[in-house]
Amino acid sequence: QARLVESGGGLVQAGGSLRLSCAASGRTFSLSAMGWFRQAPGKEREFVASIQWTAGSTYYADSVKDRFTISRDNVKDTVYLQMNSLKPEDTAVYLCAARSLGYSGSYNLYSDKAYAYWGQGTQVTVSS
C-alpha cells in the first residue's frame with residue numbers, strides 16, 4: 001500500500017501561482033507513475049497532469065499546458081504541481097494519484113482508472 005498526502009492548496013487571485021505537493025509513503029518502490037486530477041463542484045473528476053516515476057516523462061491536459069508543470073523528487077518521494085497564471089476555472093479540489101508498477105490494465109495515464117492510490121485532496125480557489 002502507498003499513502004499520498006497533498007498540501008499547498010489555498011486562495012489566490014487570478015494570474016497568481018501556487019505549488020502543490022504530494023508526499024508518498026509506504027510502498028513507494030512499487031509505483032510507476034503519479035498524477036494530478038481535479039474536481040470542481042458539480043463536475044466530473046478530470047485529468048490535469050502526470051509523470052512517470054523513473055523516466056520522468058510528463059503529460060498534461062490541454063487546459064493547463066504551458067501554465068502548469070509537474071515534477072518529482074525521487075529522493076523525497078514527492079510530486080509537485082507548479083501552477084502559474086491561474087484562472088477562476090482552475091478552482092477545484094486537486095487530488096494526487098499513483099499507479100502501481102503491477103498495473104496491467106488498458107487505461108493510460110490520462111484516465112483515473114489507471115491509478116490505485118489517491119490522496120485526500122487539497123482545495124484550490126482562484127478569485128477573479
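**Figure 1. Overall view of the protein chain in a predicted model.** The protein chain exposes about 6500 Å², of which carbon and sulfur atoms supply 47%, the accessible areas coming from the Shrake-Rupley method with a 1.4 Å probe and, for residues, with only the protein chains shown counting as cover. This is a predicted model, in which local features need pLDDT of at least 70 and side-chain atom pairs count only at pLDDT 80 or more, while totals for chains, interfaces and linings use all residues. Residues are numbered from 1 along each chain as its sequence is written, and side-chain values use heavy atoms, with hydrogens and water left out. The protein chain contains zero helices and eleven strands, where helices (H or I, at least four residues) and strands (E, at least two) are DSSP runs numbered from the N terminus. The C-alpha atoms fill a box of roughly 45 × 30 × 25 Å along the principal axes, and the radius of gyration of 14 Å agrees with the value near 14 Å that a compact globule of 128 residues would have; this radius is taken over C-alpha atoms, and the globule rule is 2.2 Å times the number of residues to the power 0.38. Of the 128 residues, 46% count as buried, a class defined by under 20% relative accessible area, with exposed meaning over 50% and partly exposed in between (1.4 Å probe, protein chains only). Among contacts (heavy atoms within 4.5 Å) between residues at least 6 apart in sequence, 58% join residues at least 24 apart.

**Figure 2. Close-up of Asp90 and its salt-bridge partners Arg38 and Arg67.** A salt bridge is taken as a side-chain nitrogen of Lys or Arg within 4 Å of a carboxyl oxygen of Asp or Glu, and a search of the whole structure finds five of them. In one, the side chains of Asp90 and Arg38 meet at an N to O distance of 2.9 Å. That pair links distant parts of the chain, 52 residues apart, with Asp90 in the loop between β8 (78–83) and β9 (92–100) and Arg38 in strand β4 (residues 31–39). Asp90 also forms a salt bridge with Arg67, the closest N and O atoms being 2.8 Å apart. Because Arg67 lies in the loop between β6 (58–60) and β7 (68–73), and Asp90 in the loop between β8 and β9, this second pair ties together parts that are 23 residues apart in sequence. Asp90 is buried at a relative accessible area of 0%, Arg67 is buried at 11%, and Arg38 is buried too. Arg38, Glu46, Arg67 and Asp90 are linked in a network of salt bridges.

**Figure 3. Close-up of the salt bridge between Lys65 and Asp62.** The closest N and O atoms of Lys65 and Asp62 are 3.2 Å apart. Lys65 counts as partly exposed at 40% relative accessibility, whereas Asp62 is exposed, with a relative accessible area of 66%.

**Figure 4. Close-up of Asp77, a buried residue that has no salt bridge.** Asp77 is found in the loop between β7 and β8, and the nearest side chain of opposite charge, that of Arg72, is 9.3 Å away; here Lys and Arg count as positive and Asp and Glu as negative, while His and the chain ends are not counted. Leaving aside neighbours within four places in sequence, Asp77 is in contact with Cys22, Ala23, Ala24, Thr28 and Trp53.

**Figure 5. Close-up of the buried residues Ser50 and Ala97.** Ser50, found in strand β5 (residues 46–52), is buried with a relative accessible area of 0%. Beyond its neighbours within four places in sequence, Ser50 has contacts that include Met34, Gly35, Ile70 and Tyr115. Ala97, found in strand β9, likewise counts as buried at 0% relative accessibility. With the same sequence neighbours set aside, Ala97 is in contact with residues including Met34, Gly35, Phe37, Tyr115 and Trp118.

**Figure 6. Close-up of Asp66 and Ser85, two residues with positive phi.** Most residues other than glycine have a negative phi. Asp66, in the loop between β6 and β7, has a positive phi of about 75 degrees although it is not a glycine, and Asp66 is exposed with a relative accessible area of 81%. Ser85, in the loop between β8 and β9, has a positive phi near 50 degrees, and Ser85 is partly exposed at 41%.
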